[in-house]
Amino acid sequence: MSDFTGLAIAGRIATPSDPDWDAARAAWNLAADQRPEAVAFVESATDVAAVMAFAAANDLRVAGQGTGHGAFALAPAAEGTILIKTERMRGIEVDPDAQTARVEAGVLVAELSETAGAHGLSSMPGSSPDVGVTGFTLGGGLSWLGRRYGFACNRVRAIELVTADGEQRTVDAESDPDLFWALRGGGGGCAIVTALQIKLIPIADIYAGALLFPAELGADAVRAYRDWTAGVPDEVTSVVRFLTPPPIPDVPEPLRGTPLLTIDGACIGGQEEGEAIVAPLRELCEPIMDTWGQIPAKGLCHIHMDPEQPVPGLGEGMTIRELPDEAIDAWAGVAGPDSGSPLLLSELRHLGGALGRPDPDGGALTHLETDWVMYSVGMPMTPELAEAIPAHLAKIEATMQPWAGEGSYYNFTERPCDVDAILPADVCARLGEVKRRWDPENRIVANHSVSLETA
């Protein structure tokens, strides 16, 4: 094991000899068994630069981590690394006139939503309130505002970072545009990001929420939802799920263990317009629960009811290019109430709109050419579930393969793999060029690393 006594930072260096080592190395996803050489709890870009210099001098690698929602993919590569945790870097600066924000690398989505909302503005929140803004954005950032405004990564105007040689830099479309391009949707494998400068959206409130139905509605309800999405404007982003809430205190007691079909989403605009758009969904049957309504935009990150504390999860995603009746029947058969699924949920998120149109100024992820993206996850609370969940995830993937798109979506790809299994070949080739220029020693690892051999 390396000697870290020579590594001095304002934050803290945790090593395996510390009594709280297991807590220090833990990720938000408790299923990820990260075993780095040390964990650096950094407090500034200067701290990150010091860690980077130490790693280079001691032939170690580094990995950045805000929360560790996607850490299951990183865990196998964490050996021999210093894990740079940015959770102490929580600064947020909003310029309401310019409608921009500077967000340090440890800021959570809910924190940015709250701060931006105080100025009548919104960021590009996804479905989890306590995922890190930086990790969410570097992997693309699939937001409730996505069909209108595209991926969150392409709202970034500048990125503050530390390169593999320990230099602090700010990159944008004019300064080091290749690195700026790579980090917007290509993951964090080419530098350690310390802050993002992002463009906010002038949305103070929005019509959003969820409908909870009995899962027995099954394929017919999914077909009705699919047909509904074909007619909604780009201002509407939504998702349909088969969900069985776990028997934990955070879940209302009547819903625990109850198989559900849920439809949740957001409609940019006022309540009257939103109610008219959602009305056909309410006619499916009397919902068990209906939370749709006009809410402050800062509440968007809570409508999906994602857990707001660390939990174990084994999940995987895939893109779905189209959703004919046969695909819906297949999905309901493998994920619905009669499937015997051990999973917590399986969901289909509606893409299209700005998410499906190339952004001429975008980064490594400009758009997705498929109509849908799927994500399924289970909670391995017992050894039996830890064995059953991966097998069922593989079954879902095999079942839906006839309708699968090319590649996947970075933030929903939780198995260990390089970016070439996710992004198009031409994008991976360009990422490889950026990696060879900025990190020729392959000092930096990420959830899905860029290979130096990518051609």
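Helices and strands here are DSSP runs, a helix having at least four residues and a strand at least two, and they are numbered from the N terminus. The model is a predicted one. With those labels, glutamate 79 can be placed in the loop between helix H3 (71-74) and strand S4 (81-85). Is glutamate 79 buried or exposed? Exposed means over 50% relative accessible area. Glutamate 79 has a relative accessibility of 60%, so it counts as exposed. Its C-alpha atom is separated by 19 Å from that of leucine 7, and the two residues are 72 apart along the chain.

Two other residues are marked out by their backbone angles. Most residues other than glycine have a negative phi. Aspartate 59 is not a glycine, yet its phi is positive, at about 55°. Aspartate 59 sits in the loop between helix H2 (45-57) and strand S3 (61-65), and it counts as exposed because its relative accessibility is 67%. Asparagine 442 also has a positive phi, near 55°. The loop that holds asparagine 442 runs between helix H12 (425-438) and S18. With a relative accessible area of 22%, asparagine 442 is partly exposed.

Histidine 448 is found in the segment after strand S18 (444-445). Buried means under 20% relative accessible area. The value for histidine 448 is 2%, and therefore it is buried. Which residues is histidine 448 in contact with, leaving aside its neighbours within four places in sequence? They are Ala73, Tyr410, Thr413, Arg415, Cys417, Asp418, Val419 and Ile422.

The next element is helix H8, which covers residues 218-229. From its first C-alpha to its last, H8 reaches 17 Å, close to the 16 Å expected for its 12 residues at 1.5 Å a residue. H8 is mostly covered, with 9 of the 12 residues buried. Among the buried residues are Gly218, Ala221, Tyr225, Trp228 and Thr229. What do the buried residues of H8 pack against? The partners include strand S11 (236-243), strand S12 (260-267), helix H9 (271-282) and helix H10 (325-335), and strands S16 (345-350) and S17 (372-378) are also in the list.

The packing of H8 with H10 can be described further. Two packed helices are described by the angle between their axes and the distance between the axes. For H8 and H10 the angle is about 135° and the axes are 9 Å apart. That angle makes H8 oblique to H10. The crossing of the two helices is right-handed. On the H8 side the contact is made by Ala219, Val222, Arg223 and Arg226, and on the H10 side by Asp325, Ile328, Asp329, Trp331 and Ala332. By type, the residues of this contact are 5 nonpolar, no polar and 4 charged.

H10 also meets helix H11 (residues 383-400), where the axes come within 10 Å and cross at roughly 170°. Angles over 145 degrees count as roughly antiparallel, and so H10 is roughly antiparallel to H11. The crossing of H10 and H11 is right-handed. H10 contributes Ala327, Ala330, Trp331, Val334 and Ala335 to the contact, while H11 contributes His392, Lys395, Ile396, Thr399 and Met400. The residues of the contact of H10 with H11 divide into 7 nonpolar, 2 polar and 1 charged. Trp331 of H10 thus takes part in the contact with H8 and in the contact with H11.

How values were computed: Residues numbered from 1 in each chain as written. Predicted model: local features only at pLDDT ≥ 70, side-chain atom pairs only at ≥ 80, totals over all residues. Heavy atoms only, no water. Expected span 1.5 Å × (residues − 1). Buried < 20%, exposed > 50% of the residue type's maximum accessible area, 1.4 Å probe, protein only. Contact = heavy atoms within 4.5 Å. Axes fitted to C-alpha atoms, helices over the stretch in contact; angles between N-to-C directions. Parallel < 35°, antiparallel > 145°, perpendicular 65-115°, else oblique. Left-handed = near helix turned anticlockwise from the far one by under 90°. Nonpolar A, V, L, I, M, F, W, Y, C, P; charged D, E, K, R; others polar.
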